[in-house]
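The following exercises concern strands, cores and aromatic pairs in a single protein chain. Each task is followed by a solution in steps.

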Amino acid sequence: MSVQNGFRVENGVLKAYQGTDENVVLPEEVSVIGAGAFSGCRGLQNLILPKGLKEIREYAFFKCTRLEKLIVPAGVTAVGDCAFFHCTQLKSILFSGSDTQIGRNAFWGCCRLENVTLPEKLTALSDGIFCGCACLKKITLPESLSFIGVRAFAECRGLEALEIPDSVRALGTSAFRNCAALKELRIPASVQKVPCNLLEGCKTLERITLPKQGTVGAGAFSGCESLKAVLLPKGMRVLGENTFAGCTALERVELPKSLLSIERHAFYGCGRLRRLSIPQGVTAVAYRAFEGCAAKSKGENGLVQLSGWVIEADEQLTAAKLPGGCLGIANSAFADCRRLQKVFLPKTVRSIGGCAFYGCVKLKADFVPQTVTQIGKDAFKGCILPGKRACTAR
């Protein structure tokens, strides 16, 4: 091992830099920058890397808070996890080579990063790679890219535009969470699963183009306050919890015919969504799925309805006569209606949700129509039930 000018080098690996200079030129003998070699070098401002460099290991420049720019030589094939974590003054980084692969959280918290030139043959943007890069407004993604990881661009509050290449096949959870300046995004058809919380908190997002076929995870568009219309993919079976929660400008959503269930708070706070058609195949609607949603309506019968479903009921009801054509009763719709004694169901009802009549302590009826094909867990718990069923059919 040799130590010269503050460089501690062993067999071509820079183990540590012990100097205090602002401007540093690495010796040509260095082929690998070791783990944490420059960690905490708060005086380092400019750095020139040798052409023969092959690898930058994990935490190599951890919290080098004055480092402003870097050109990564063409021979570098790997950049380790957290290599430039929290380099808060880093504004520009250029990868000269085409085959460099970059580790997780590599630029996490580089809050002033503005310009990034990625390797031409990069296949994956690892988890958290640009998380918290608040000044990053635009970035060009290579056509070789197949994966964008968990929180890859989360908290990139300045990101205004991004084009996802058709080569991308998978996106990670919360990949674009709180990208507050992003106005439009197209997810290519090659992506079959839109993950949970993908665009949560993207307050200025106005347009989203989704694949024609696939699934959408819970909370995918939660807090997208400017989003007005969404066409969901065919083949979806579940509309997850909080999918559109807080989408206060949402006016139109087309639900696929394949849909079977709508989960809790799916449309929470959608105050401008005045019309919504629940597909015929839906057999379960969760408690408060439409809380604060303008599409539901309350009738003189004390029932809150939406597209053939009873969503809620007045707790003071003593009897409830569901309208003809009613298809289902949502989870907990009549829960704790402690005065309720009689319920009349039309033969059109197919589904009674979990806890639908939970705690209806005076409910004495004992059957439901034969048309009902699904009864959720604890649907009649707490009711007075002489038999297995708990409602009167007409």
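**Exercise 1. A stacked ring pair**

Is Phe-267 buried or exposed? Classify its ring pair with Phe-244, and locate both residues along the chain.

Solution. The model is predicted, and the values below are computed from it.

Step 1. The relative accessible area of Phe-267 is 0%. Buried means under 20%, so Phe-267 is buried.

Step 2. Phe-244 also has a relative accessible area of 0% and is therefore buried.

Step 3. The ring centres of Phe-244 and Phe-267 are 5.4 Å apart, and the planes make an angle of 15°. Planes under 30 degrees apart count as stacked, and the pair of Phe-244 and Phe-267 is stacked.

Step 4. Phe-244 belongs to the loop between strand S21 (238-239) and strand S22 (252-254). Phe-267 belongs to the loop between strand S23 (261-262) and strand S24 (284-285). The pair links distant parts of the chain, 23 residues apart.

**Exercise 2. A second ring pair and the aromatic cluster**

Determine how many aromatic pairs there are, and characterise the pair formed by Phe-62 and Phe-85.

Solution.

Step 1. With ring centres required to lie within 6.5 Å, the count comes to 17 aromatic pairs.

Step 2. For Phe-62 and Phe-85, the centres are 5.5 Å apart and the planes stand at 25°, so this pair is stacked.

Step 3. Phe-62 is in the loop between strand S7 (55-56) and S8, while Phe-85 is in the loop between S9 and S10; the pair therefore ties together parts that are 23 residues apart in sequence.

Step 4. The relative accessible area of Phe-62 is 22%, so Phe-62 is partly exposed.

Step 5. Ring pairs also build a cluster whose members include Phe-7, Tyr-17, Phe-38, Phe-84, Phe-107, Phe-130 and Phe-153.

**Exercise 3. The nonpolar cores**

Which residues touch the most other members of the largest nonpolar core? State which elements contribute to this core, and examine the contacts of Phe-130.

Solution.

Step 1. The largest nonpolar core has 103 residues, and Phe-84, Phe-107, Phe-130, Phe-153 and Phe-267 touch the most other members.

Step 2. Elements giving two or more residues to this core are strand S2 (7-10), strand S3 (13-17), S8, S10, strand S26 (303-306) and strand S27 (309-313).

Step 3. Another core, of 25 residues, lies apart from it; among its members are Val-310, Leu-317, Phe-334 and Leu-363.

Step 4. Leaving aside neighbours within four places in sequence, Phe-130 is in contact with residues including Phe-107, Leu-113, Val-116, Leu-136, Ile-139 and Phe-153.

Step 5. As a general background, nonpolar side chains in soluble globular proteins tend to be buried together.

**Exercise 4. An open parallel sheet**

Give the strand order of the sheet that contains S8, S10 and S12, and explain why S8 and S12 are edge strands.

Solution.

Step 1. The sheet is open, with three strands in the order S8-S10-S12 and parallel pairing.

Step 2. Strand S8 (69-72) and strand S12 (115-117) each have a single partner strand, so one side of each lacks a neighbour in the sheet; these are the edges.

Step 3. From one strand to the next the twist averages 5°.

Step 4. Four bridges pair S8 with strand S10 (residues 92-95) in the parallel sense. Leu-70 has Ile-93 of S10 as its bridge partner, and Ile-71 stands opposite Leu-94 in S10.

Step 5. S10 and S12 run parallel and are joined by three bridges. Here Ser-92 has Asn-115 of S12 as its bridge partner.

Step 6. In a regular strand the side chains alternate between the two faces of the sheet. The covered face of S10 carries Ile-93 and Phe-95, and the uncovered face carries Ser-92 and Leu-94.

**Exercise 5. Two buried residues**

Describe the surroundings of Leu-14 and of Thr-88.

Solution.

Step 1. Leu-14 is located in strand S3. Its relative accessible area is 0%, so Leu-14 is buried.

Step 2. Beyond its neighbours within four places in sequence, Leu-14 is in contact with residues including Phe-7, Val-9, Leu-26, Ile-33 and Phe-38.

Step 3. Thr-88 lies in the loop between strand S9 (78-79) and S10. With a relative accessible area of 13%, Thr-88 is buried.

Step 4. With neighbours within four places in sequence left aside, the contacts of Thr-88 are Thr-65, Gly-109, Cys-111 and Arg-112.

Notes: Residues numbered from 1 in each chain as written. Predicted model: local features only at pLDDT ≥ 70, side-chain atom pairs only at ≥ 80, totals over all residues. Heavy atoms only, no water. Pairing = 2+ DSSP bridges. Axes fitted to C-alpha atoms, helices over the stretch in contact; angles between N-to-C directions. Buried < 20%, exposed > 50% of the residue type's maximum accessible area, 1.4 Å probe, protein only. Contact = heavy atoms within 4.5 Å. Core = buried A, V, L, I, M, F, W, Y, C linked by side-chain atoms within 4.5 Å. Phe/Tyr/Trp six-rings, centres within 6.5 Å; stacked < 30°, edge-to-face > 60°.
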